[in-house]
Amino acid sequence: IEERIVEYSSVSEAINLQLSARVMQNYNDFVSGMQMVQSVETELSLIGVLIKNGRRKLQIHDQGILRGSMQITRQQRRRERLKELLSLLDDLQSVVEIHARLCESIDDDRFAEAIVQHSVLRDALASAEYRRFPGVVGLQQSMANNLTLVQQKLSDRLRVSAVSADFDAEKYEEVLKAYSLLTTSDQAISVGKELLRHVSEFIVAVSRQCMLAFSSRNESPDWHKRAQLRELCKSMDPAHVVACIVQLYEHLCNFLYRHQFLCAWHLCRSQAAEEELAPNEASFRELLRHVHTELVASKRNVWQSLQQQVSLVLMTLDFQYPALSEESFMQILHLTQLLMDEGDAFMADYQSVTKSELRRQWSAPIRNTLKTKANDYFQSLHFCTWAQLKASHIEQDSWQRLPVARNYRLLRAERLKPVLPKTEVKDQLKPRSADSNPFRNYKAEPLNASQGDHADDFFEASPANLGESPDDMDDHVLLQHWIDDRSLGSEPAAGLLSNSNRSPVVSASSVELAKVLERYCRMMGAIPSLALDIFQCVVQLMEFYVHCVLCLFVQDKHLRLLLEDLDGHVPAGDPRLPGRQDAFLNQRLFPELRRSTARTREMVSSLPLPDACAGYLQVQAPVMGNALLQVTPFSSLTSPSQLCGLAERCVGVESVRSLLTSLQERRDDLVALLPKDVAQEAVDRFFQAEEVVASQLRSFVLMNAARDVWEVPDVGRISLDHFSNTVQALRWEANSFTTSPAAPYVQNLKGQIEELARRIPCAGGGSIPFSTQCIFWGWLEVRLMQECLEVLAKCGRRKTPEALMCLAEDFRSIHQAVEQHFRPQDGDSQISQDVNLLPPDHAFRQVVNWSYLDQFLEAHGYTGNEVSTWCRSHVEYPLRLHKALLDYSLGNNQKSFRQTLNDVEAVIATAISDEGGSLLHHF
């Protein structure tokens, strides 16, 4: 580093030496340049002194010679400017006077004169000369403000004329004349459009004011200023909705009447102006014609604007049952219909102008909104009614038969008609006014006054109430209450049975459901656009009622067999196959009932119910449809003293048929309420399906009732299970029998049959109809026959052919006893009849006949191959019976037995897979 420093120092010294040498070489040139600069500076100073002296001398000469001439020139110019100023002041004075007259005309509301003065002032200030004066420029600016003020006042007068109840023809004509003077393109205003704008603004303002008047009060003092229309509607108490709607519709109708009046006034005034032909009013006459044309053309816009506001209000209001009562909803429906009638009358002459749209639905927006809100309201009413029907009536019903007259009908024609306030029919072409406003001083009338009362239908039997002669009343003894079972023997059963066949079987729940159906029919008539949807709700209620009756009067184990899902293949040898076959056989017996129940459960389970339903069902919101499906079986299904709730079961299933019969009687009324293009088909499909379901419901419930009566201990002397176990344990290996080993037990069973034959007609105080008793007796007989099959199966291989003959004789004896007691002969009060437990074309009809037992007995005499063929072709027999028969015929050859059993199981499994899934298909 030190070496580098030394090196740099030596270089620096060398450079400095070179610079010093060069400066010394040019020193003389540098000195001469400095001398030249100094001489130039001296000369410039001398020149400055000379200039100052010259200017001083010129000033002296100016003061002496030119001042006088310059003064004369200035005075002359001042005189000319003063003359110009005086002339300008005169012009400005006239302009100010014009402006004063303009302001005075504006203050006195002389709008036509104000427009004239404005035109004069505009022409006076049109000269470019005034643009250099700030005051005049301000006056020109004030002209625009004055014109705006005039236009604003004209607009205010138009607003008053368009919506106010007081119409001043002179003031309105003054406004029109003022508008006729606004002829320039930048000032021309469409009077018709201005009127339309004011009407639209007032429609919105009046809607807000009406909502604000009836909305719930808020603690915030300026809440009403900030609240939007939607918030006001949502905060309204449903109890005030009808009053608010009445007030709103009254104001809206007044707007329509005023618009119609303006159209008529313009027409009349235009005709009068044409007759007068005033020379200076050509533009006024032209304006009258133009405004009249605009008013007529704007009718559609006025009605559309009004409809949009009404639709907004209706869509925002909370239409939910039970917050909004059904009567209030019907009142709103009626009021809105009145408004649409007024709108149609308002648009009547507009249709004559636009012939291409003669058939146009002018009230389509309100109708669509009303349909949407009616659908929302009805859905909430439907679900709440559904929940209330289940919780307050079906679950609380004692299911005792109500004593009613022979001519009693659950549904009456007069109660199906919609009850709406009477509306005065008005001529659509007749002028309307505020005095004829249908909403003025409107008072809501009660809608249910003429619907009759169900309460008197049950416990009053006077000829006047029943519509029968006294003789007819003597023939029909109307029981005030059904007699308790314990007070009856076998003697009075015939008389009570006769009485029970006279009138329809109804329960408290069926009566309540009938009231609901009548309400729905009335709403179908009141809301034709929703008639088909409401009818579907009627179908839902009927199917739900069937489901409730099914769940109430069938034990869970039997219900599970009916509803078990058979989708999926279960192979032969699977231990689940016997249980699936039992379910398959049950479902094949009652396929339509199974479809209807599955459809109802699937549909209801996925429904989100309104929060209002939580109170009826006593659960916490939110509520799903599963809560409706939770039905507790009736308490007496296993009660021996009440024959396992036989009377209640019969009342339940027969009440379904009574409801269906009443609906059948009102078929024509239902068809009339539905749309013509689908009415007949929908009603026919409903009755066709429900008749089959009601029949299968009765058969299924009574079949399980018969099963419970035979199987529940303590109902009779012995249960069927005890009977079959006892009989199968006897010695059936003998080759000869002097008497049947089962004779004592068969005799006991006959005694039990005889006891049931006495008790059944008296069940429920004799309230079970004879036809229903016959069906129940038929299912008792079927259950006995099935137990005979079980006896054969339980005896196994040890029974000899002689034992089979002996058992067949015992079964024949039981059959004869059944026919003796369960099939009464001709008499005064009983009719012998053949009971069809299943339709004649049913695939499993033989299952309910004694031939079902006879074929099984006959198969015991077949050879092994014949038995194998017989089993594969009779899948209607349970697998345990097939197994017992195969064991009896092929038990000595286990290989053949197992092979044949596997073949039979495969056939049964295939039948379940092929046909089981079809039981889920809907109609």
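Arg 110 is partly exposed, with a relative accessibility of 26%. In this predicted model, Arg 110 takes part in a salt bridge with Asp 108, and the closest N and O atoms of the pair are 3.1 Å apart. Asp 108 is likewise partly exposed, at 44% relative accessibility. The structure holds 32 salt bridges, and two further pairs are worth following.

One of them lies in helix 33, which spans residues 801-822. There the side chains of Glu 809 and Arg 812 form a salt bridge with an N to O distance of 2.5 Å. The two residues are three positions apart in the helix, so about one helical turn separates them. An α-helix has 3.6 residues a turn, so residues three or four places apart point the same way. Side chains of opposite charge can pair when their charged atoms come close. Glu 809 is partly exposed at 46% relative accessibility, and Arg 812 is partly exposed at 42%. Sharing of partners also occurs among the salt bridges: Asp 108, Arg 110 and Glu 113 are joined in this manner into one network.

The other pair belongs to helix 32 (residues 770-795), where Glu 787 and Arg 783 are four residues apart and therefore separated by about one helical turn. Their salt bridge has its closest N and O atoms 2.8 Å apart. Is this pair buried or exposed? Both Glu 787 and Arg 783 are buried, that is, each has under 20% relative accessible area.

Burial can also be described for a whole helix. Helix 29 runs over residues 679-711 and contains 33 residues. From its first C-alpha to its last it reaches 47 Å, close to the 48 Å expected at 1.5 Å a residue. Of the 33 residues in helix 29, 24 are buried, so the helix is largely enclosed by the rest of the structure.

The surface carries patches of two kinds. A positive patch is made up of Arg 74, Arg 77, Arg 78 and Arg 81. Arg 74 sits in helix 3, which covers residues 67-107, and is partly exposed with 45% relative accessibility. A nonpolar surface patch consists of Met 36, Val 40, Leu 44, Ile 47 and Ile 51, which together have about 510 Å² of accessible area. Ile 51 is part of helix 2 (residues 27-65). Its relative accessible area is 52%, so Ile 51 counts as exposed, the cut-off being over 50%.

Some backbone features remain, and they lie in loops. Tyr 321 and Pro 322 are joined by a cis peptide bond with omega of about 5 degrees. Pro 322 is located in the loop between helix 12 (299-316) and helix 13 (326-346).

Which sign does phi take at Trp 399? The value is positive, near 60 degrees, in a residue other than glycine. Trp 399 occupies the loop between helix 15 (364-394) and helix 16 (456-459), and at 1% relative accessibility it counts as buried. Leu 643, which is not a glycine either, has a positive phi of about 55 degrees. Leu 643 is placed in the loop between helix 26 (626-629) and helix 27 (646-665). With a relative accessible area of 4%, Leu 643 is buried.

Definitions and conventions: Residues are numbered from 1 along each chain as its sequence is written. This is a predicted model: local features need pLDDT of at least 70, side-chain atom pairs count only at pLDDT 80 or more; totals for chains, interfaces and linings use all residues. Side-chain values use heavy atoms; hydrogens and water are left out. The expected span of a helix is 1.5 Å times one less than its number of residues. Buried means under 20% relative accessible area, exposed over 50%, partly exposed in between (1.4 Å probe, protein chains only). Patches are made of residues with over 30% relative accessible area and no salt bridge: like charges are joined within 9 Å, nonpolar side chains (Val, Leu, Ile, Met, Phe, Trp, Tyr) within 5 Å. Accessible areas come from the Shrake-Rupley method with a 1.4 Å probe; for residues, only the protein chains shown count as cover. A salt bridge is a side-chain nitrogen of Lys or Arg within 4 Å of a carboxyl oxygen of Asp or Glu. Lys and Arg count as positive and Asp and Glu as negative; His and the chain ends are not counted. The place of a charge is taken as NZ of Lys, CZ of Arg, CG of Asp or CD of Glu.
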